[in-house]
Amino acid sequence: MENQKLIVSGGKRIEGEIAVHGAKNAALPLLSATVLVNGECVLHNCPRLTDIDAACRILSHIGVKCRREGGTVITNAQGVSGCEVPVSLMREMRSSIVFLGAMLGRMGHCRLSYPGGCELGPRPIDLHLSALKSMGAVIEERYGYLECSAPSGLCGTAITLSFPSVGATENIILAAVLAKGTTEIHNAAREPEICDLADFLNSCGAKISGMGSDRITIVGVAELHGCEHRVIPDRIAAATYMCCAAATGGELILSGANAAHLDSVIPVLRSMGCKVYSFGKGNVYISSGATLKAPHTVRTMPYPGFPTDAQAPLTAVCCIARGTSVFVENIFENRYRHVGELCRMGASIKVEGRVAVIEGVKALSGAETVACDLRGGAALVVASLAAEGSSVISGTAYIDRGYESIEKALRGVGACIKRV
Ligand code: UD1
């Protein structure tokens with residue numbers, strides 16, 4: 001695993017169709033939500049990703065039955081028993097903090113190792129903790145562990161988030177569905193993945209309303225029953241493949257996508273000269289001409305703004321767009337680690353704090369690069385497809401956390417890419 005590399009022979013135009021897999025960032029909170037359900041949950045369209053395998057291992061560890069049948073993951077938390085997630089499992093997946101609200105909601109206590117920082121810089125969880133405390137949780141941080149309990153049970157309350165954190169909104173929803181009384185989240189995150197979580201929980205008997213807006217209301221219920229649910233398509237994988245088409249002057253149909261979730265990405269690609277439209281049920285078409293031009297300043301924002309996860313793949317496209325592109329990264333501090341690698345390929349990029357300025361060059365050239373995080377790795381794939389000559393990308397384990405066999409998907413549309 002660790003030593004795998006992607007070898008890309010660049011300069012080939014991408015053409016064809018890619019089926020977009022289920023959303024990693026929706027499937028992970030859904031899997032943690034199954035802890036709350038007293039019965040069998042059938043989750044269709046669960047992507048085959050290392051992060052999803054890690055979430056399944058956490059479920060098994062705490063006594064939730066969990067098995068995969070093709071693209072479907074089936075869970076049953078009737079026998080849930082464990083209330084501790086060890087460091088080794090927490091480390092495998094940074095978003096494992098989303099198990100906190102679910103385990104607290106179901107068991108009334110849990111012990112998780114502190115998630116700490118990650119490739120993207122510090123990932124604080126103060127908003128998660130203060131919200132859960134206001135619902136009656138007692139949380140102590142001891143020896144790298146979070147010891148959590150709710151001696152008098154969790155109680156609904158009004159919570160105002162100072163930032164619309166996706167993870168905190170998920171944890172509050174998970175803690176609130178079985179809590180006593182009503183929880184109101186103000187300044188809630190509005191991401192499609194939040195709506196998917198609420199839709200799933202409502203199918204299990206929860207009473208959640210307002211998802212998709214900045215005010216979510218959760219009326220606690222006594223028990224949740226099993227259900228069957230289909231995970232929404234991965235909007236970031238879709239955006240990444242659109243970037244691959246844009247960078248290679250290609251033409252792509254993405255099937256099983258949701259164009260509405262790409263509302264902030266599509267206009268940027270159009271402004272660069274790509275033709276993009278949606279048709280039929282869940283198809284998005286993109287074609288890219290010979291020359292791309294720099295877009296207006298791209299600022300990453302909470303949804304419905306431009307997603308921080310699509311920033312890196314788009315910077316790779318902008319490297320070969322005519323003119324100067326400016327990016328402002330407003331969500332994470334450390335999200336330009338791919339820039340140094342792109343510069344090795346001949347890109348001209350300057351980074352100053354949260355701002356990256358890209359001077360478009362005529363062409364990139366193949367090089368040996370290293371993926372340092374998931375979306376930065378995807379950016380190297382985009383750049384390598386567009387570059388003249390051959391590239392070697394190591395650090396593929398990062399890319400596999402978020403893209404289902406990226407090399408197979410791209411080979412199917414004419415790219416020359418293989419894994420060694
Ligand atoms: C973020 C993205 C999400 C993406 C995910 C995976 C946003 C708003 N969120 O979600 O779309 O799918 O990464 O890459 O784009 N923060 C605090 N205290 C907290 C929680 C967060 O200060 O308790 C700050 C973080 O430092 C960061 C920002 O809020 O600056 C990001 O927040 P959050 O939405 O919580 O991050 P994720 O849930 O990881």
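Helices are DSSP runs of H or I with at least four residues, numbered from the N terminus. The exercises below concern the ligand site of a predicted model.

**Exercise 1.** Determine which helices supply at least two residues each to the shell around the ligand, and which helix gives the most.

*Solution.* Step 1: a residue is near the ligand if one of its heavy atoms lies within 4 Å of it. Step 2: 16 residues surround the ligand, and Asp126, Leu127, Ser165, Val166 and Ile331 are the closest. Step 3: at least two shell residues come from each of helix H5 (126–134) and helix H6 (166–176). Step 4: H5 contributes the most, namely three residues.

**Exercise 2.** Characterise the shell around the ligand by residue class and by domain.

*Solution.* Step 1: seven residues of the shell are nonpolar, five are polar and four are charged. Step 2: domain 1 (6–20 + 233–419) and domain 2 (24–230) each provide at least three residues of the shell.

**Exercise 3.** Identify polar contacts of the ligand with Leu127, Gly167 and Asp309, and state what part of each residue is involved.

*Solution.* Step 1: the cut-off for a pair of N or O atoms is 3.5 Å. Step 2: Leu127 places a backbone N or O atom 2.7 Å from a ligand oxygen atom. Step 3: for Gly167, a backbone N or O atom lies 2.8 Å from an oxygen atom of the ligand. Step 4: Asp309 instead uses a polar side-chain atom, 2.9 Å from an oxygen atom of the ligand. Step 5: the protein buries 81% of the 730 Å² that the ligand exposes when taken alone.

**Exercise 4.** State which pocket holds the ligand.

*Solution.* The ligand is located in the largest pocket.

How values were computed
Residues numbered from 1 in each chain as written. Predicted model: local features only at pLDDT ≥ 70, side-chain atom pairs only at ≥ 80, totals over all residues. Heavy atoms only, no water. Polar contact = N/O pair within 3.5 Å; in protein donor to acceptor, adjacent residues only side chain to side chain. Areas by Shrake-Rupley, 256 points an atom, 1.4 Å probe, with all protein chains shown as cover. 1 Å grid on protein atoms, 1.4 Å probe; cavity = no way out; pocket = protein on both sides within 12 Å on 5 of 7 lines; lining within 4 Å. Sits in = over half its atoms within 2 Å of the grid points. Nonpolar A, V, L, I, M, F, W, Y, C, P; charged D, E, K, R; others polar. Domains from an automatic or database assignment.
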